[in-house]
Each structure stands twice: as structure tokens, then as C-alpha cells.
Amino acid sequence: DRASDGARVFDATCAGCHAGEGATGEPIALAAIGTDPIVGQSPERGTGSYRVPSLRFVGDRHRLFANGAVEDTRALLDPARRAPGHRYGLDLSEHDRTALLAYLTTL
């Protein structure tokens, strides 16, 4: 089924950063993500990194990225997306992208 295919894609593409029970992980360097680094460099945070967000209920979330530049997971994985950052998954085939989106709704 599509979500099972998506779990395979997730394991190969996403699980390196989004791991464990909450599908979250260790902090990632600002430069690795490629979004506006202002959040990670702010006086309040000043960590120089982004926390990997949990993907629980990510299929129901809107306005992704710290600045809300991406509408939802479909837009996040759209290869035509103009918002900079998180380039991971943009090179997936249409089949794998659709399967991954189906899987993400199960988290």
C-alpha cells in the first residue's frame, strides 16, 4: 500500500534526521538546512542550529519552517518550491513523493 511504500522512502530519505518515536533528532547546523538563520542566531536561541521538529501530526500542520514560508508537507516536497531551505526530498520521483506524503499522514 502507499503508506508502506512511503515508510520505505522515509527510512531512506528522512530518518537520518527525523528519527525515534517522535520522528525528531539531534540539532542540525543552520547551514545544512539553508533557511534564514536568524532564528538560530537570535539572542533568545543563539544555538547556531535548528532543532529537528517532531513529525507527529505533520500531515495536519500548515505554515512550515520557522518563518512559515511553506504551506504544508505537499508544498515542502514540491520540486518547484521557491522557499529556500530543506532541499531534502525534492529529488524524489512522483511515486515516492506521493507515497511519502501518504506515510507522513500516519505519524
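These are my notebook entries on salt bridges, cysteines, backbone angles and the largest pocket of a predicted model.

**Entry 1. Salt bridges**

I began with charged side chains. Side chains of opposite charge can pair when their charged atoms come close. My search for such pairs returned four salt bridges in the structure, and I looked up three pairs by name.

I took the pair of Arg-8 and Asp-96 to start with. Their side chains form a salt bridge, with N to O at 3.4 Å. I then asked where the two partners sit. Arg-8 belongs to helix α1, residues 2-13, and Asp-96 to helix α5, residues 94-104. With these positions 88 residues apart in the numbering, the pair links distant parts of the chain. I also checked accessibility for both partners. Arg-8 is partly exposed at a relative accessible area of 46%, whereas Asp-96 is buried at 18%.

Next I examined Arg-56 and Glu-21. The closest N and O atoms of this salt bridge are 3.0 Å apart. Both partners are loop residues: Arg-56 lies in the loop between β2 (49-52) and α4 (73-76), and Glu-21 in the loop between α1 and β1 (25-29). The two are 35 residues apart, and this pair too links distant parts of the chain. Arg-56 has a relative accessible area of 37% and is partly exposed. Glu-21 is exposed, at 73% relative accessibility.

I then turned to Arg-97 and Glu-94, a salt bridge in which the closest N and O atoms are 3.6 Å apart. Here I found both partners in helix α5, three residues apart, which is about one turn of the helix. Arg-97 is buried at 10% relative accessibility; Glu-94 is exposed at 52%.

**Entry 2. Cysteines**

How many disulfides does the whole structure hold? My search returned zero. I wanted the reason for Cys-14 and looked up its closest cysteine sulfur. That sulfur belongs to Cys-17 and is 8.8 Å from the sulfur of Cys-14, so the two are too far apart for a bond. The cut-off for a disulfide is 2.5 Å between the sulfur atoms. Cys-17 is likewise in no disulfide, and its nearest cysteine sulfur is that of Cys-14. I noted the accessibility of both residues. Cys-14 is buried, at 16% relative accessibility, while Cys-17 is partly exposed, at 30%.

**Entry 3. Positive phi angles**

I looked up backbone angles for two residues. Ala-23 has a positive phi of about 55 degrees, although it is not a glycine. I located Ala-23 in the loop between α1 and β1, and I recorded it as buried, with a relative accessible area of 7%.

The other residue I recorded is His-86. Its phi is near 40 degrees, again a positive value in a residue other than glycine. His-86 lies in the loop between α4 and α5 and is buried, with 17% relative accessibility.

**Entry 4. The largest pocket**

I then asked for the volume of the largest pocket and obtained about 900 Å³ of space. Its lining comprises 34 residues. Which of them lie nearest its centre? I found His-18, Arg-51, Pro-53, Phe-65 and His-86. One of these, His-86, is the residue with the phi near 40 degrees from my previous entry.

I checked which elements contribute to the lining. At least two residues come from each of α1, α3 (38-41), β2, α4 and α5. The element that gives the most is β2, with three residues. By residue class, I recorded 22 nonpolar, seven polar and five charged residues in the lining.

**Entry 5. His-18 and Ala-23**

I closed with His-18, one of the residues nearest the centre of the largest pocket. His-18 is located in the loop between α1 and β1, the loop in which I had placed Ala-23. At 12% relative accessibility, His-18 is buried. I looked for a contact between these two residues and found one: a polar atom of the His-18 side chain lies 3.2 Å from the backbone oxygen of Ala-23. The contact therefore falls within the 3.5 Å allowed for a polar contact. I note again that Ala-23, the partner that supplies the backbone oxygen, is the residue with a positive phi of about 55 degrees.

Notes: Residues numbered from 1 in each chain as written. Predicted model: local features only at pLDDT ≥ 70, side-chain atom pairs only at ≥ 80, totals over all residues. Heavy atoms only, no water. Helix = DSSP H or I, 4+ residues; strand = E, 2+ residues; numbered from the N terminus. Buried < 20%, exposed > 50% of the residue type's maximum accessible area, 1.4 Å probe, protein only. 1 Å grid on protein atoms, 1.4 Å probe; cavity = no way out; pocket = protein on both sides within 12 Å on 5 of 7 lines; lining within 4 Å. Points joined across faces, edges and corners; volume = space filled by probe spheres on them. Nonpolar A, V, L, I, M, F, W, Y, C, P; charged D, E, K, R; others polar. Polar contact = N/O pair within 3.5 Å; in protein donor to acceptor, adjacent residues only side chain to side chain.
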